[in-house]
Amino acid sequence: MSLLQKPDANLLRARYHSLVNDVPVVIFTAISALTIQMVALQGEIDWKFAILPPMLRLVIGVVLLWFWYKHRHDQPPIENIRKRLDTASTLLILAGLFTFWRSLYLFPITGSFSHYFLIVHNTLYGLCFAFILSKLGAAAYAYNVLLIGAAVTCVFRGDIEHPYLVAMLILVFEVGMLLTMRASNKTFDQWVNATFETQSLLKENQRLAQQDVLTALPNRRQFFLQAAQQQAESSLGEHCFVVGILDLDHFKPINDQYGHHIGDLVLSEVGKRLAAIHTADVQFYRLGGDEFAFHLLSDCEHLRLKQVCAEISHALSQTMHIDERVLTVSASIGACSTCDAKLSAQTMYEHADQALYQVKRAGRGHLQIYSEPLDLKKMA
């Protein structure tokens, strides 16, 4: 089972990046403290116990510091983050167990100075390191309990005046630290959750501002923004830029006969069918009512445009089953094409709208392309 009981990916990632900033401080402090420990204990116990265990931990600390430096700018996937945090949690608990055992082992064979040193060492480690690494969750609390437990045990095993008062002092700080760790983690989690909720709301508001609610297609505002952007990009190539408007034929009778609810369901189905047209570089939009739009890059002979319009007509001509009713719709399409990018997207829309007006007057269900000067050429 994972030692870090926080399944939420956003919170896990935030904790990881927060810990990444604290890792060099922890490792550097640990290396410094281990060096002091070797100096303090080397004269009282066999060098194997005074030098080798701290030296081994120093090597591990240097390796961890190197690993951190190498990967400090990583943006790992969430599964890698889970593995790294679980590994760090495991190492922290093992370090706590080793320190607890070593303290109890060294205490009987050292003098009074080493007794005080071990008590202070374990207390400071247990309080400070656990707090810095508190975002590891259960592992940090386990480490804290192990080292404070070692310190209190040493107090009662040594020849220390008023051991109960000393132990009480340590435990008072211990309780305060545990409460502070809990409050700090809770505040951090609340801040992270609030931040992501705010970001989610902002993204949702941006989506709603850019998307038509009924059809889930981009809306009118996005049409003009994206059309202008693609037109500017197409001016660097050899293609013609096309703006098209399609209007559903005889949609008003559907609203009049069946009501606006059925009309909305028809529009929603039209949006789904347009979105399902998997044609490269063609984006569909709902402008409002039963009017939709698109833009694309075509050739001077309009072959690409005709192909797309044929796909639109085929998609919309299929029978719709709406609320136990069988309905069919078709679309009239007006388009404007330019190969030199002299026309703005707004002007092209107006020309396409004029072409749409003409095709609806001429019989509906067809494509007409605007051509200057206001000469409309009908295309089947």
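Buried means under 20% relative accessible area, exposed means over 50%, and partly exposed covers the range in between, with a 1.4 Å probe and protein chains only. By that scale F188 is buried, at a relative accessible area of 14%.

This is a predicted model, in which local features need pLDDT of at least 70, side-chain atom pairs count only at pLDDT 80 or more, and totals for chains, interfaces and linings use all residues. Residues are numbered from 1 along each chain as its sequence is written, and side-chain values use heavy atoms, leaving out hydrogens and water.

**Aromatic pairs**

A pair of aromatic rings is described by the distance of the centres and the angle of the planes. Rings of Phe, Tyr and Trp (its six-membered ring) pair if their centres lie within 6.5 Å; planes under 30 degrees apart are stacked, over 60 edge-to-face, and the rest tilted. A search of the whole structure finds eleven aromatic pairs. One of them joins F156 and Y164: the ring centres are 5.1 Å apart and the planes stand at 70°, so the pair is edge-to-face. F156 is partly exposed, with 41% relative accessibility. Y164 is exposed, with a relative accessible area of 64%.

F188 and W191 make a tilted pair, 6.1 Å centre to centre with 40° between the planes. Both residues sit in helix 7 (residues 163–210), three residues apart, which is about one turn of the helix. Helices (H or I, at least four residues) and strands (E, at least two) are DSSP runs, numbered from the N terminus. W191 is exposed, its relative accessible area being 54%, whereas F188 is buried at 14%. Elsewhere, F223, F224, Y285 and Y349 form one aromatic cluster.

**Helix 4 and helix 5**

Two packed helices are described by the angle between their axes and the distance between the axes. Axes are lines fitted to C-alpha atoms, for helices over the stretch in contact, and angles run from 0 to 180 degrees between N-to-C directions. The axes of helix 4 (residues 78–106) and helix 5 (residues 112–132) come within 11 Å and cross at roughly 165°. That makes helix 4 roughly antiparallel to helix 5. Angles under 35 degrees count as roughly parallel, over 145 as roughly antiparallel, 65 to 115 as roughly perpendicular and the rest as oblique. The crossing of helix 4 and helix 5 is left-handed: the near helix is turned anticlockwise from the far one by less than a right angle, while clockwise would be right-handed.

T99, S103 and L106 of helix 4 make the contact with L118, H121 and N122 of helix 5. Contact means heavy atoms within 4.5 Å. These contact residues divide into two nonpolar, four polar and no charged. Here Ala, Val, Leu, Ile, Met, Phe, Trp, Tyr, Cys and Pro count as nonpolar, Asp, Glu, Lys and Arg as charged, and the others, Gly among them, as polar.

S103 is buried, at a relative accessible area of 3%. Leaving aside neighbours within four places in sequence, S103 is in contact with L118, N122, A150 and C154. S112, in helix 5, is exposed at 53% relative accessibility. S112 and G158 are 46 residues apart in sequence and 7.8 Å apart in space, C-alpha to C-alpha.

**Helix 9 and helix 10**

The axes of helix 9 (residues 251–258) and helix 10 (residues 260–275) come within 6 Å and cross at roughly 140°. That makes helix 9 oblique to helix 10. F251, I254, N255 and Y258 in helix 9 meet H260, I262, G263, V266 and L267 in helix 10. This contact divides into six nonpolar, three polar and no charged residues.

F251 also has a distance to report with G289: their C-alpha atoms, 38 residues apart along the chain, are separated by 9.7 Å.

**Loop residues**

Most residues other than glycine have a negative phi, and most peptide bonds are trans. H302 has a positive phi of about 65° although it is not a glycine. E324 likewise has a positive phi of about 65° and is not a glycine. The table places H302, E324 and G289 in their loops.

| Residue | Loop | Relative accessible area |
|---|---|---|
| G289 | between strand 2 (283–288) and strand 3 (291–298) | 42%, partly exposed |
| H302 | between strand 3 and helix 11 (303–317) | 12%, buried |
| E324 | between strand 4 (320–322) and strand 5 (325–327) | 84%, exposed |
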